[in-house]
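Colleague: I would like to go through this structure with you. May I put some short questions to you as we look at it?

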Amino acid sequence: MPVVLVIWMVVWPIISAIVRTIWRPDASGAYGFNLDTYIFFFTDRYSLDNLSLTLWTTGICAILLLVICLPIALYLRFSAGRLPAYVQGLAIFPMFVPSIILSYAFIRVLGPNGMVDLILNAAGLPKIRTPYLTPWGPVIGLVWDNIPLTVLILLAGLGAVTNQSVEAARDVGAGPIRVFWDIILPRLGNSILVALSFTVLGLFSAFTLPYVLGPAAPEMMGPFMQRTFRDLYDPLNATTQAVIAFGFCLVFGLFYVRSVAKNRTP
Amino acid sequence: MSVLEITDVSKIFGAVRAVDSFSLNVADGELVCLLGPSGSGKSTLLRMVGGFERPSSGRITIDGEEITHLPPEKRPTGMVFQSHALWTHMNVFKNLAFGLKLRRLPAGEIKDKVEAVLELVGLAGYGTRMTHQLSGGQQQRVALARSLVLEPKILLLDEPFASLDQHLRERLREEVRDIQQRLRITTLFVTHGQDEALALADRIVVMRDGKTEQADRPDVVYREPRTPFVAGFIGTMNLVEGIVSNGVFTRSGFSVPLAAADGPATLAVRPEALELTPSASAGQAKVHRVTDFGTHGLVDLELPDGARLKAMVGHPQMFSNGQSVDLKPTAIAAYRDNALIHRS
Amino acid sequence: MARTLAATRIDWVGVAFAVVLTIVIVFPLLVVGTWAFAEVWRFPALIPQQFGLRFWNQTLARADVWEALRTSLSLSVMVTFLSALICLPAAYAFARLKFPGRDILFFSFLVGHAFPKFGLLVAIAAIFLQLNLIGTFWGVVLIQLVGTLLFMIWIPVAAFQSVDRRMEEAARDVGAKPLRVFWSITLPQAGPTIAAAVLLSFVGTFYETEGAWLIGAPAVRTMPVLMISFINNQMVIQYGAVLSVILWVPSFVALLFARRVIGGGAFARGFGG
């Protein structure tokens, strides 16, 4: 039963999506090999803008997430007590805030006349240029949303670094930076890549945050697919966009699969 | 009369013959130890008796009834696992009562039986404790009680004390022996510790590569090991490779009369059967190190070609490092091609 | 050495993290909470001019809110029930049994999650379009099921694997049949983790926006879908705030409950970390 469901819900749609976008009737109704929709996508200025916006957002988010989460994970790994427990609780907290509530909170805080504006105004400072409805809106929202998972994955990876190995390195005279660079980072490589894969996979399919917070044009792949499918009633092009998104995620997806398959206890 | 009969049983995992045409009969009330290094097939054999592995070939019967292909729940066996495997979500009473409940006994009877068996293992009044509130030794006692409460025809113990410390292990094995003798329950005990086997067993089966090396009373296994493997595995044994010629075994200056045909041989001498006498001249061996244990001493010896021997002595202070000594074995055995060729 | 010294002093790094994270993570939610209870809050006051429950009454008086809540709840219950029914036996099979094609199957589950989910949803939606499932309750149920497979397979697999095999063997030994062993030993042992997985899948379905929006809207309106339309089209800010607070309740329960799972590391492992 689960087998059937998986095949029907996962494998079949992917195959069907690929097949139906390249093997379909032309104007005369005869079935044949046809790459029109792909050619359209890669020649259409608007589609390409959307794709590059998605890639840009993905890159920025990945960097920001690493810069934010790695120190948090390192701190949590090498300290114990109530304060780190509190920090960990906070870092995981966004996992339990649905993205739709986050979107709403974002607008209320960073949006025009939001809380930040109120505070700046009270302090006699000029208003900020709100990131709402600009490409930075989704970036902030998505980073916020992805912090818990990244921290958890990195923390799991750091679990593989034993205290003894760190202490041994300090014992032979390595400073904190050397310890991080030579002892911790090599073990953490895999986890960083897994976290990265998740970010890429997550961002290519992000919908709510970019839809609510992002600019109308260009837009990220998620809202773009949705709009093509629902508002333009063009499932063919929407599916084409989906296949292209699959393609971009293939490398990271494969890496993720490999890493999970490797970690699995037989 | 044999309660348990294992006839020509083999278990093959892929290319490995974990148990290889193994046969064993266990008499009523007997405690048999399966002794061997890890990978010798002893646990696999026990798990086949318990029903957790299926034999690739062969027959297992209990009281004359074939059980070779019965699932564990249909066998009259009770297993005690190495890691106690208590159900941590139940308290002690529920752990013990679970099997009885499956047999649909009335609640009053279950209570009586559980209390009686807790009394037996020295844990009366512990019924309401959760398993994690118990010490390691207590947990293992509960595991034993869990098997005993069902009054199995055969009790199976799979290295039950392996995770306990030395002191506790010795105490528990005495308790197990007492309980086993009081109940006269037929028992199969797997261990890789020779002390445990020597202290517990009516009979020891030494296993190697899925086969029996020797099956005898503990004292016989110790005194008359049938192969060099058994000789080396049980107790401390000096095994010396050498040559027999004209009725004398020789290895690098050390020689002993040995009534056997000419050829290579392995000489086996227990440290306590090797007498040392200080030698005025070069001697047969040199003292390498002396360890004083108080009640006795252990002398490490070195033959001229570097081979090492151990000897047990009553007065270690008589010997010092570098001293030349002569060796006089009081009891020896010799093996050739894995078989005994001489004992004296 | 350095660490023990640092511990006796004030943990400045920790304090910095705590303060920054508090501002970044808790503050926005506090603002939303404040909005929910504000009757009048005009620029540029720092706090609302008037607090009250007026908008709670107004929000809760709206038929579309109740309708969406009912849809969301029945949807979540149905999806959670179905995915537990399908996934728990599968998870047990993965964790315990060896059968031909096991690895291929495992792989196919994985592949499903190695693709961007929204792309997958669009691909599925394209198929649903032909099956006339667009805009129907069952169409949404099916698409939500895809999302819950992740939680309902991975977390229980880890939970079942962490149950000591010998505990199950001991139960067989005292006379329990395999089904009884599963019911009396394996399930209670894996229980808390599996309960958390069920809860996560319930909450996940409750908040799932993409699939519901793509397949269901406008005929099937769940709470998050309603929320989007409030954000986009509703002039009264407080409706959204009140809805957010209501929406967040199940999440809070999940938060309290799932802490055990996340602490146990099964969660991160489920993601291949």
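Modeller: The answers below take the chains, a cavity and an interface in turn. Please keep in mind that this is a predicted model.

Colleague: Let us begin with chain A. How many helices and strands does chain A have?

Modeller: Chain A has twelve helices and two strands.

Colleague: And in what order do the elements of chain A run from the N terminus?

Modeller: The order is α-β-β-α-α-α-α-α-α-α-α-α-α-α. One helix thus comes ahead of the two strands, and helices make up the rest of the run.

Colleague: What share of the residues of chain A is buried?

Modeller: Buried residues make up 53% of the 266 in chain A.

Colleague: Which part of the contacts in chain A joins residues 24 or more positions apart?

Modeller: Counting contacts with a separation of 6 or more, 68% of those in chain A are between residues 24 or more positions apart.

Colleague: What does chain A expose, and how much of that comes from carbon and sulfur atoms?

Modeller: The exposed area of chain A is about 11,700 Å², with 69% supplied by carbon and sulfur atoms.

Colleague: Now to chain B. What are the corresponding values there?

Modeller: Chain B contains eight helices and 21 strands. Of its 344 residues, 51% are buried. Among its contacts with a separation of 6 or more, 64% link residues 24 or more positions apart. Its accessible surface is about 15,400 Å², and carbon and sulfur atoms hold 49% of that area.

Colleague: A change of topic: how many cavities of 30 Å³ or more are there in the whole structure?

Modeller: The search finds five. The second largest holds about 50 Å³ of space.

Colleague: Which residues line the second largest cavity?

Modeller: Its lining includes five prolines, A:Pro135, A:Pro138, A:Pro210, A:Pro215 and A:Pro223. The others are A:Leu53, A:Thr57, A:Gly214, A:Glu219 and A:Met220.

Colleague: How does that lining divide by class?

Modeller: Seven of the lining residues are nonpolar, two are polar and one is charged. The charged residue is A:Glu219.

Colleague: Finally, how many residues of chain C and chain B are in contact?

Modeller: On the chain C side there are 18, and they are in contact with 24 residues of chain B. The two chains bury about 1,800 Å² between them, and 59% of this lies on carbon and sulfur atoms.

Colleague: Which three residues of chain C supply more of its buried area against chain B than any other three?

Modeller: They are C:Arg166, C:Asp173 and C:Val174, which together supply 36% of the area that chain C buries against chain B.

Definitions and conventions. Residues numbered from 1 in each chain as written. Chains lettered and ligands numbered in written order. Predicted model: local features only at pLDDT ≥ 70, side-chain atom pairs only at ≥ 80, totals over all residues. Heavy atoms only, no water. Helix = DSSP H or I, 4+ residues; strand = E, 2+ residues; numbered from the N terminus. Buried < 20%, exposed > 50% of the residue type's maximum accessible area, 1.4 Å probe, protein only. Contact = heavy atoms within 4.5 Å. Areas by Shrake-Rupley, 256 points an atom, 1.4 Å probe, with all protein chains shown as cover. 1 Å grid on protein atoms, 1.4 Å probe; cavity = no way out; pocket = protein on both sides within 12 Å on 5 of 7 lines; lining within 4 Å. Points joined across faces, edges and corners; volume = space filled by probe spheres on them. Buried area = accessible area lost by both parts, 1.4 Å probe.
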